[in-house]
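Morning, everyone. I'll take one structure today and walk through it contact by contact. Please have the view open as I talk.

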Amino acid sequence: MTTNPTPRPGEEAPSGLPSGADRDRRTVALLGAFCLFLSTIEYMIPKPLPFMRIGIANLPLMLALDVLPVPGFFLLAAIKVVGQALVTGSLFSYIFLFSAAGTFASAALMLLLRRGLGRDRIGFIGTGTVGAMASNLSQVALAAVFVFGESAKLVAPPFLAAGVVTGIALGWFCEAFAERSAWYKARLR
Amino acid sequence: MSARDETAAGSDRRAKARAVRAERAARAAERRGRRKDAALRLFSSRALFLAGIAAMPAFLFNPSLESRAAQFFYFWALVVAVGKRNSAVLTLAMSAGIVAFNLFVPYGAVLATLGPFPITEGALRSGLEKALTLEGLILLSRATIRSDLRLPGRFGAVIGESFRYFELISEKKGMVDRKDPIGGIDALMVALSDAPLPAAADGPEKIRRPAVGILVLAAAVAGAWAFAFAPGLAAALTRG
């Protein structure tokens with residue numbers, strides 16, 4: 001009987017694809033690049049306040065829910081936050097703080113729901129909506145401290161409503177992408 | 001002059017004005033490009049980053065609204081100096097929004113009234129302070145953060161790989177067809193996953209830079225701190 005030895009990190013797997021850890025690292029880097037690319041597109045879209053984004057840069061993060069291990073997923077979230085700050089030049093501003101709070105709050109909650117309930121019980125639309133709400137709530141809380149003070153309660157309703165709409169739209173796109181994508185299916189955990 | 005002649009003359013004037021505006025924009029872009037190149041030759045992205053860190057507390061912990069406003073304009077000039085663009089319209093619109101929202105919670109002396117709505121001194125100062133802080137930090141970031149900044153460690157290595165993939169995506173974005181974005185993005189992801197990632201090139205970080213760049217940055221940071229200390233110095237001198 002012949003055995004198929006497990007490749008070490010950095011080695012090629014028998015299929016010709018890189019081995020587990022190396023493949024995860026490349027997936028993180030690739031999805032991180034898509035976050036940066038979408039951030040530059042998002043940067044060009046006019047917005048009333050710099051931290052009020054549509055959130056299209058979260059698409060790769062949502063896809064990563066099913067394809068990366070937990071440490072890789074949070075590494076991707078960190079790449080998104082820092083990379084976005086480097087691309088848009090906002091590393092020293094409150095925007096970085098808003099982005100970090102929003103991204104990590106939504107990433108943690110989306111991961112908890114998706115892995116806790118399972119893909120069969122919660123789709124991307126539900127996950128995306130909850131993620132957008134978590135992100136926007138954390139940003140409203142920060143806006144109350146740093147920008148608007150008590151008036152943040154006036155900004156909160158339209159901001160949260162916009163979050164529901166964008167969360168549904170991004171979730172719908174992810175659902176359609178996951179349905180058709182050969183890349184996603186090959187990496188599904 | 002007939003109506004047709006007047007129309008023709010009018011459209012001619014508009015075309016000339018458009019050409020003048022386009023020429024002005026092209027000249028401004030050229031000047032900006034020259035400043036950007038000069039900044040790239042003088043400052044490494046790491047030195048700029050450190051200068052930003054050194055200047056940030058001078059702005060963030062400055063208690064005087066007036067000198068913070070002066071620092072805001074100083075940072076605006078720094079952004080221009082490194083060859084980046086500022087948008088006065090966006091900055092004003094954003095600041096006006098922040099000030100307006102802060103005015104909804106009135107406190108302090110009433111300065112004026114807009115119908116039933118009082119404009120109070122405390123709310124106005126608080127709004128201005130918040131708008132200046134938010135916008136000032138954005139300007140400082142824009143002046144001192146460059147996308148070729150390399151971060152150390154494993155995280156820095158992975159984010160570096162992401163930037164290399166980012167360049168590949170920017171080159172191959174034509175693969176994404178508007179009629180079938182999902183199919184295009186998927187094909188792009190498959191292609192990039194299968195292709196070997198190009199090795200890191202010697203970017204602008206590897207260029208040897210003159211020491212004068214460090215001196216210029218040190219002077220820029222000293223300028224930011226001078227604005228922070230100016231009101232205290234002025235008060236001390238007045239008392240003296």
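**Where chain A meets chain B**

Between chain A and chain B there are two salt bridges. Keep in mind that this is a predicted model.

Take the two bridges in turn. One joins A:R180 to B:D180, with the closest N and O atoms 3.0 Å apart. The other joins A:R25 to B:E161, and there the closest N and O atoms are 2.5 Å apart. That second pair runs from helix 1 of chain A to helix 6 of chain B, residues 153–172.

How exposed are its two partners? A:R25 is partly exposed, at a relative accessible area of 25%. B:E161 is buried, at 11%. The cut-off for buried is under 20% relative accessible area, so B:E161 falls below it and A:R25 does not.

Now the wider contact. On chain A, 51 residues touch chain B, and on chain B, 51 residues touch chain A. In chain A, the residues that lose the most area to chain B are A:R25, A:L86 and A:F92. Together they make up 18% of what that side buries. So A:R25 comes up twice: in a salt bridge with B:E161, and in that list of three.

How much area is buried between the two chains? About 4,400 Å². Carbon and sulfur atoms give 74% of that.

Polar contacts next. The rule finds 14 residue pairs in polar contact across the interface, both residues at pLDDT 80 or more.

Which elements of chain A give two or more residues to this side? Helix 1 (20–44), helix 3 (70–88), helix 4 (94–117), helix 5 (124–146), helix 6 (152–180) and helix 7 (182–187). Helix 1 of chain A gives the largest share, 13 residues. By class, the side of chain A that touches chain B has 36 nonpolar, ten polar and five charged residues.

**Chain A on its own**

Let me step back to the fold. Chain A has seven helices and zero strands. From the N terminus on, the elements read α-α-α-α-α-α-α.

Chain A has 189 residues, and 56% of them count as buried. Now look at contacts in chain A between residues at least 6 apart in sequence. Of those, 66% join residues at least 24 apart.

**Salt bridges inside chain B**

Over all chains, the count comes to eight salt bridges. You've heard about the two between the chains. Here are two that sit within chain B.

B:E66 and B:R125 meet through their side chains, at 3.7 Å from N to O. B:E66 lies in helix 3 of chain B, residues 65–81, and B:R125 in helix 5, residues 121–144, so this pair ties together parts that are 59 residues apart in sequence. B:E66 counts as exposed, at 54% relative accessibility. B:R125 is partly exposed, at 37%.

Next, B:R146 and B:D148. Their closest N and O atoms are 2.9 Å apart. Buried or exposed? B:R146 counts as buried, at 12% relative accessibility. B:D148 is buried too, with a relative accessible area of 11%.

**Aromatic pairs**

Last topic: rings. By the rule, there are 14 aromatic pairs over all chains.

One of them is A:F73 with A:F74. The geometry is edge-to-face, 5.5 Å centre to centre, with 80 degrees between the planes. A:F73 is buried, at a relative accessible area of 0%. A:F74 is partly exposed, at 28%.

In chain B, look at B:F72 and B:F73. They form an edge-to-face pair, 5.2 Å centre to centre, with 85 degrees between the planes. B:F72 is buried, at 8% relative accessible area. B:F73 is exposed, at 55%.

Which residues do ring pairs link into a cluster? A:F148, B:F101, B:F104 and B:F117. Note the chain letters: A:F148 is from chain A, and B:F101, B:F104 and B:F117 are from chain B.

**To recap**

Two salt bridges link the chains. Some 4,400 Å² is buried between them. Helix 1 gives the largest share of chain A's side. That's my tour; over to you.

Conventions. Residues numbered from 1 in each chain as written. Chains lettered and ligands numbered in written order. Predicted model: local features only at pLDDT ≥ 70, side-chain atom pairs only at ≥ 80, totals over all residues. Heavy atoms only, no water. Contact = heavy atoms within 4.5 Å. Buried area = accessible area lost by both parts, 1.4 Å probe. Salt bridge = Lys/Arg side-chain N within 4 Å of Asp/Glu carboxyl O. Polar contact = N/O pair within 3.5 Å; in protein donor to acceptor, adjacent residues only side chain to side chain. Helix = DSSP H or I, 4+ residues; strand = E, 2+ residues; numbered from the N terminus. Nonpolar A, V, L, I, M, F, W, Y, C, P; charged D, E, K, R; others polar. Phe/Tyr/Trp six-rings, centres within 6.5 Å; stacked < 30°, edge-to-face > 60°. Buried < 20%, exposed > 50% of the residue type's maximum accessible area, 1.4 Å probe, protein only.
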